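Welcome! Here are a few short exercises to work through with the structure open beside you. Try each task before you read its solution.

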Amino acid sequence: MRCSSPTVLKIGGSVITFKDRALTPNLPAIERLAREISESQVSPLIIVHGGGSFGHPIAAEYKIADGFRESGQRVGFSKTHNAMVSLNSLVIEALLNNGLPAFSIAPSSFIVTRSGRIHYLCMDVLGQAIKLGFIPVLYGDAVFDYSYGFTILSGDQIVSRLAVELNASRIIVGVDVDGLYTSDPKMDPHAQLITKVTVSELKDLLSRIGGSSFTDVTGGMVKKVIELMVPASAGIEVLIINALKPNNVYRALKGEEVVGTRIIKG
Ligand code: ADP
């Protein structure tokens, strides 16, 4: 599929790593996804991936998300970034092996946050890369922060902001479940998949978090949809799908029907 406004594809850390095993990539999933992306021939395309068991354990050990408090954290900040670079190079390698012009761009080198939110953003490198037909591949990263010193910037915040900046046509988010449910499908056997939701319906749903069944122990999915509501409000279609199921990413990229959650404006 060729269209002038880019597609943004997010691949969750839950898909490309084994979250319960530190620094363990899911290589078969990475290779399969690279093949699916290549076969879809979607262009222009930007890929952002999460950290899973590469980013989170080191970031948690050194409390990187809390900001810079003592000198011992510096090594942890660098180690967190470096672990993400390692995971990113596995993704890049798989994409290159499938003939795709994937190009790694470190978010920490062109983004500075303030209180955890993207504040400074230099779009020139990314813009040039896309213009020349490259597929930029970014990731959740350890970044510098004007108020905290440093922090963790999620792949989901990057995806949402870049999609708006680049006037993307759509965002496809691959996770390890079929989409957004009424509660965590891994904890609640009665959880129901929400196949289509408007931003205002979603706001209603999220405001009922707390006493309700719409819980998120991992912090994962709710934080994700809160970020994704911004581009969805701007009219960018958001689709959350299960990227562990073969061909889902391929079908979504081709614009074919896939089980998942569609977040739309309204
Ligand atoms: P990733 O790291 O792939 O970006 P996360 O692990 O942050 O994804 O978020 C996905 C996880 O969120 C799922 O594996 C699921 O167990 C959990 N989750 C919690 N609440 C929900 C919900 N209401 N709907 C879907 N998933 C949920």
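**Exercise 1: Polar contacts of the ligand**

Keep in mind that this is a predicted model. Find which backbone and side-chain atoms make polar contacts with the ligand.

Solution. Start with the backbone: a polar backbone atom of Tyr-181 is 2.9 Å from a nitrogen atom of the ligand. Next, turn to the side chains. Lys-19 has a side-chain N or O atom 2.6 Å from an oxygen atom of the ligand. Asp-184 places a polar side-chain atom 2.9 Å from an oxygen atom of the ligand. Finally, look at coverage: on its own the ligand has 580 Å² of accessible area, and the protein covers 93% of this.

**Exercise 2: The shell around the ligand**

Work out which residues and elements surround the ligand.

Solution. First, list the neighbours: there are 21 residues around the ligand, and those that come nearest are Ser-14, Lys-19, Asp-176, Lys-186 and Lys-224. Second, sort the shell by class, which gives six nonpolar, eight polar and seven charged residues. Third, look for the elements: helix 1 (13-16) and helix 8 (220-233) each give two or more residues to the shell. Helix 8 gives the most, with three residues.

**Exercise 3: A second pocket**

Describe the second largest pocket and its lining.

Solution. Begin with size: the second largest pocket has a volume of about 160 Å³. Then find its centre; of the twelve lining residues, Val-42, Ser-43, Leu-100, Gly-133 and Ile-135 are the closest to it. Strand 2 (residues 43-49) provides the largest share of the lining, three residues. To finish, sort the lining by class: eight residues are nonpolar, three polar and one charged.

Definitions and conventions
Residues are numbered from 1 along each chain as its sequence is written. This is a predicted model: local features need pLDDT of at least 70, side-chain atom pairs count only at pLDDT 80 or more; totals for chains, interfaces and linings use all residues. Side-chain values use heavy atoms; hydrogens and water are left out. A polar contact is a pair of N or O atoms within 3.5 Å; within protein, one must be able to donate a hydrogen and the other to accept it, and residues adjacent in sequence count only if both atoms are side-chain atoms. Accessible areas come from the Shrake-Rupley method with a 1.4 Å probe; for residues, only the protein chains shown count as cover. Helices (H or I, at least four residues) and strands (E, at least two) are DSSP runs, numbered from the N terminus. Ala, Val, Leu, Ile, Met, Phe, Trp, Tyr, Cys and Pro count as nonpolar, Asp, Glu, Lys and Arg as charged, and the others, Gly among them, as polar. On a 1 Å grid over the protein atoms alone, a cavity is a set of points where a 1.4 Å probe fits but cannot get out, and a pocket is an open set with protein on both sides within 12 Å along at least five of seven lines; lining residues have an atom within 4 Å of a point. Grid points are joined across faces, edges and corners, and a volume is the space filled by probe spheres set on the points.
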